[in-house]
Amino acid sequence: MNQEYTQQLSKIEAELERWLPENPDSAWAEKVFTKTGKNADLDSMRFLIDPLRELVFRGGKRWRPLLMSIVCETLGGADAAVPLTPLVEFSHNASLIHDDIEDESDERRGKPSIHKLYGTDTAINSASFFYFLASCCIDNCAFDNKEQIYKLWLECMRRLHLGQAMDINWHRNISAVPGIEEYYLMCRMKTGSLARLSAELGALAAGAPPEAIQLLADATDKMGVGFQILDDIKNLTTGVPGKIRGDDVVEGKKGLPVLLHMHKYPEKRDKIFYCFHVAKQEGTRAPEVEELIDILSADGVFPEAEEKAMLFLEESRKIFKAREFAGFPVSENSHSLLEGFIKLIS
């Protein structure tokens, strides 16, 4: 990995550790909970944040805060965006905990899901707190435009939860068959929202004009759709690292390969619905999981879905490859970092 990416990641990790300490003290409590925090029970605070530390420091690509940081540097803002790291990374991890509870997932990043380790009550409470902890970095940063930062973050949270609602609605109703464009919108909301926020915050921290911020937001919207499609494909083929292959079938998720199949072959929908139903009852070991995957593979929808993902990612790359964003110039060296980053995470 490029040394400059490594340096940025080191700063990102330090910022995460600062806001999510192994041993929270009264100074941290007062910063997070204001005046009442200094009298808080330290054991209770550890009880609150230990599940969060368990998930965050298992790893994760950190590509969202890295994107934010690189966009900021590319637009001449140096490290100005780094203090906003928790806003994107904590929000992302909070959504993962809630997502695993909603989907009844057993694993995350190769280990038991947080609600399996700590109990559902603790997981829900800690994950909800994670969203609010994320916003603390806004109050403690040196930006003059804090109101705009809050506005972007809150818009992102609303979009993210709408996307999750669409996803849940479709997989709870086994016979639901959303349109392809509806699926793309869900991806923009659920997966693209935090990517979009990362680019917006990086550009905002660098002092970019609204036109440049919007251009980068559009690029990351497309990136989010492409990534979600690739994730759908991996879940049903090679498997997503840290998760069980085919668990999307158990959850009844309508990823792009499934939707392409059902729209092309409506006469075969009942068979897909049946596989979803049995898999939900019996889990990933049900023969119907592999049966559904075999059906999709035989009908050639995986290459078709991958081609559509690559089109979204290529549209995103075209925007990022520009030598200026809506008339806002970038430096040659920093821009090469941004181009390299897109290749790295693709």
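**Exercise 1. Which residues form one aromatic cluster with Trp28?**

Solution, step by step.

- Before starting, note that this is a predicted model, in which local features need pLDDT of at least 70, side-chain atom pairs count only at pLDDT 80 or more, and totals for chains, interfaces and linings use all residues. Residues are numbered from 1 along each chain as its sequence is written, and side-chain values use heavy atoms, with hydrogens and water left out.
- Start with the ring rule: rings of Phe, Tyr and Trp (its six-membered ring) pair if their centres lie within 6.5 Å; planes under 30 degrees apart count as stacked, over 60 as edge-to-face and the rest as tilted.
- Searching the whole structure with this rule gives six aromatic pairs.
- One of them joins Trp28 and Phe33: the ring centres are 6.0 Å apart and the planes stand at 80°, so this pair is edge-to-face.
- Now add Phe129, and you have the answer: Trp28, Phe33 and Phe129 form one aromatic cluster.
- For the surroundings, use relative accessible area (buried means under 20%, exposed over 50%, partly exposed in between, with a 1.4 Å probe and protein chains only). Trp28 is buried at 4%, whereas Phe33 is partly exposed at 27%.

**Exercise 2. Describe the pair made by Tyr184 and Phe312, and find where each ring sits in the chain.**

Solution, step by step.

- Take the geometry: the two ring centres are 4.9 Å apart with planes at 70°, so Tyr184 and Phe312 also make an edge-to-face pair.
- Next, place the residues, remembering that helices (H or I, at least four residues) and strands (E, at least two) are DSSP runs, numbered from the N terminus. Tyr184 belongs to helix 9 (residues 180-190) and Phe312 to helix 16 (residues 301-320), so to speak two distant parts of the chain, 128 residues apart, that the pair links.
- Finally, check the exposure: Tyr184 is buried at 7% relative accessibility, and Phe312 is buried at 12%.

**Exercise 3. Which lysines place their charge over a ring, and at what distance?**

Solution, step by step.

- Apply the rule that a charge sits over a ring if NZ of Lys or CZ of Arg is within 6 Å of the ring centre and within 35 degrees of the ring normal.
- Lys31 meets it, with its charged end 4.5 Å from the centre of the Trp19 ring.
- Lys268 meets it too, lying over the face of Tyr265 at 4.4 Å from the ring centre.

**Exercise 4. How many disulfides does the structure have?**

Solution, step by step.

- A disulfide is a pair of cysteine sulfur atoms within 2.5 Å. A search of the whole structure finds zero.
- Try Cys141 as an example: its nearest cysteine sulfur belongs to Cys137, 6.7 Å away, and Cys141 is in no disulfide.
- Then look at burial: Cys141 is buried at 9% relative accessible area, and Cys275 is buried at 0%.

**Exercise 5. Is helix 13 enclosed or open, and what covers its buried residues?**

Solution, step by step.

- Count first: in helix 13 (residues 256-264), seven of the nine residues are buried, so the helix is largely enclosed by the rest of the structure.
- Name them: Leu256, Pro257, Val258, Leu259, Leu260, His261 and Met262.
- Look for the cover, using contact (heavy atoms within 4.5 Å). The cover includes helix 9, helix 11 (210-236), helix 14 (269-282), helix 15 (287-298) and helix 16.

**Exercise 6. Where do Glu104 and Arg109 lie, and what is phi for each?**

Solution, step by step.

- Glu104 lies in the loop between helix 5 (85-103) and strand 1 (107-108). Its phi is near 55°, a positive value in a residue other than glycine.
- Arg109 lies in the loop between strand 1 and strand 2 (111-112), and its phi is near 55° as well.
- Compare exposure: Glu104 is exposed at 63% relative accessibility, while Arg109 is partly exposed at 24%.

**Exercise 7. Describe the chain as a whole.**

Solution, step by step.

- List the elements: 17 helices and four strands.
- Add the burial: 56% of the 346 residues count as buried.
- Finish with the extent: along its principal axes, the C-alpha trace spans about 60 × 50 × 35 Å.
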